[in-house]
Amino acid sequence: MSPYHRYNLRRNPFGELLREERSRLAIVDARPWLDLLSDRRSVLQFIGPCGHGKTTHLLAIESLLPSCQYVYLPEFGPLPHVSNQRPMIIDESQRLSFWQWRRVLRIGGPLVLGTHRDDSAFIRRAGYNVTTIDVSENHSSDKLAAILNRRIEASRLTELEVPQISKDYATRLQSKFGANVRAIEHFLYDQFQRCALEQIEWPHAN
């Protein structure tokens with residue numbers, strides 16, 4: 001029997017998720033940005049450090065724009081081809097080369113970017129309207145608890161109770177990790193592993 005069954009869970013809820021799962025579990029209301037993305041001279045830029053929710057926002061937008069192209073630019077290896085399809089979502093757009101930027105902007109938008117670097121001045125000089133969202137801002141402990149508990153709920157085994165992250169514990173996690181949700185999830189993965197293997201109760205419920 002899985003060690004997680006004692007918590008009424010199928011698996012460690014903070015393990016790696018498939019892209020489809022990340023999209024489904026995102027707590028992001030992307031609808032207010034859809035009107036903006038109807039303009040071919042519009043660029044929506046999500047900026048912030050690693051682990052703060054840029055990709056989550058991009059996936060939420062993709063789920064509402066099934067005709068868009070989603071391009072992830074890896075840190076190492078060749079960069080994928082960037083096509084003419086629009087709208088286009090570019091994850092890690094700070095890795096675009098100068099010549100790729102020229103081609104992307106020459107073709108037009110709308111574009112949605114996830115980036116560590118603010119390129120709004122450069123993009124505006126090319127004639128675009130840029131809206132920038134800093135994903136590291138406005139992370140309340142209530143929202144963090146909701147994000148984490150949704151991960152737990154997605155691993156539920158039966159209709160019985162599952163562990164919960166309390167608001168108080170979410171506040172303590174923010175004090176330790178700030179707005180880095182990925183670091184918090186990695187920390188909780190290790191906690192769930194230890195509790196499951198040692199067969200002890202989850203200590204941070206409401």
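User: Let's start with the rings. Which residues form one aromatic cluster here?

Analyst: Tyr7, Phe14 and Phe192 do. Keep in mind that this is a predicted model. The general idea is to look for ring centres within 6.5 Å of each other, then check the angle between the planes. By that rule the count comes to six aromatic pairs.

User: How do I read one of those pairs, say phenylalanine 98 and tryptophan 99?

Analyst: Take the distance, then the angle. The ring centres are 5.2 Å apart and the planes meet at 80°; over 60 degrees counts as edge-to-face, so that is what this pair is. As for exposure, phenylalanine 98 is partly exposed at 48% relative accessible area, while tryptophan 99 comes out at 61% and counts as exposed.

User: And what kind of pair do tryptophan 101 and phenylalanine 122 form?

Analyst: An edge-to-face one, with 5.7 Å from centre to centre and 75° between the planes. Here you should also ask where the partners sit. Tryptophan 101 belongs to helix 3 (residues 98–107) and phenylalanine 122 to helix 4 (residues 120–125), so the pair ties together parts that are 21 residues apart in sequence. Tryptophan 101 is buried at 4% relative accessibility, whereas phenylalanine 122, at 27%, is partly exposed.

User: Rings can also have a charge over them. Where does that turn up?

Analyst: Look for the charged end of a side chain sitting over a ring. The charged end of arginine 6 sits over the ring of tyrosine 7, 5.7 Å from the centre. That tyrosine is also one of the residues in the aromatic cluster. Another case is arginine 41, whose charged end sits over the ring of tyrosine 128 at 4.1 Å from the ring centre.

User: Now for the layout. How many helices and strands are there?

Analyst: Seven helices and five strands. Reading from the N terminus, the order is α-β-α-β-β-α-β-α-β-α-α-α. The C-alpha trace spans about 60 × 30 × 30 Å along its principal axes, and buried residues make up 47% of the 206 in the protein.

User: What does the span of helix 5 tell me?

Analyst: You compare an expected length with the one in the model. Helix 5 (residues 141–153) has 13 residues, and at 1.5 Å a residue it should span 18 Å; the end C-alpha atoms are 18 Å apart, so the two agree. Its buried residues are Ser141, Leu144, Ala145, Ile147, Leu148, Asn149, Arg151 and Ile152.

User: How do I read the largest pocket, and what is its volume?

Analyst: Rolling a probe the size of a water molecule over the atoms shows where empty space is left. The largest pocket has a volume of about 750 Å³. It is lined by 29 residues, and the closest to its centre are Arg22, Gly53, Thr56, Arg182 and Glu185. Helix 1 (19–25), helix 2 (54–64), helix 5 and helix 7 (181–198) each supply at least two residues of that lining. By character, the lining divides into 10 nonpolar, nine polar and 10 charged residues.

User: Last one: where is serine 93 found, and is it buried or exposed?

Analyst: Serine 93 is in the loop between strand 3 (88–91) and helix 3. Its relative accessibility is 1%, so it counts as buried. For contacts across the sequence, compare C-alpha distances: serine 93 and leucine 73 are 20 residues apart along the chain, with their C-alpha atoms separated by 6.9 Å.

How values were computed
Residues are numbered from 1 along each chain as its sequence is written. This is a predicted model: local features need pLDDT of at least 70, side-chain atom pairs count only at pLDDT 80 or more; totals for chains, interfaces and linings use all residues. Side-chain values use heavy atoms; hydrogens and water are left out. Helices (H or I, at least four residues) and strands (E, at least two) are DSSP runs, numbered from the N terminus. The expected span of a helix is 1.5 Å times one less than its number of residues. Buried means under 20% relative accessible area, exposed over 50%, partly exposed in between (1.4 Å probe, protein chains only). Rings of Phe, Tyr and Trp (its six-membered ring) pair if their centres lie within 6.5 Å; planes under 30 degrees apart count as stacked, over 60 as edge-to-face and the rest as tilted. A charge sits over a ring if NZ of Lys or CZ of Arg is within 6 Å of the ring centre and within 35 degrees of the ring normal. On a 1 Å grid over the protein atoms alone, a cavity is a set of points where a 1.4 Å probe fits but cannot get out, and a pocket is an open set with protein on both sides within 12 Å along at least five of seven lines; lining residues have an atom within 4 Å of a point. Grid points are joined across faces, edges and corners, and a volume is the space filled by probe spheres set on the points. Ala, Val, Leu, Ile, Met, Phe, Trp, Tyr, Cys and Pro count as nonpolar, Asp, Glu, Lys and Arg as charged, and the others, Gly among them, as polar.
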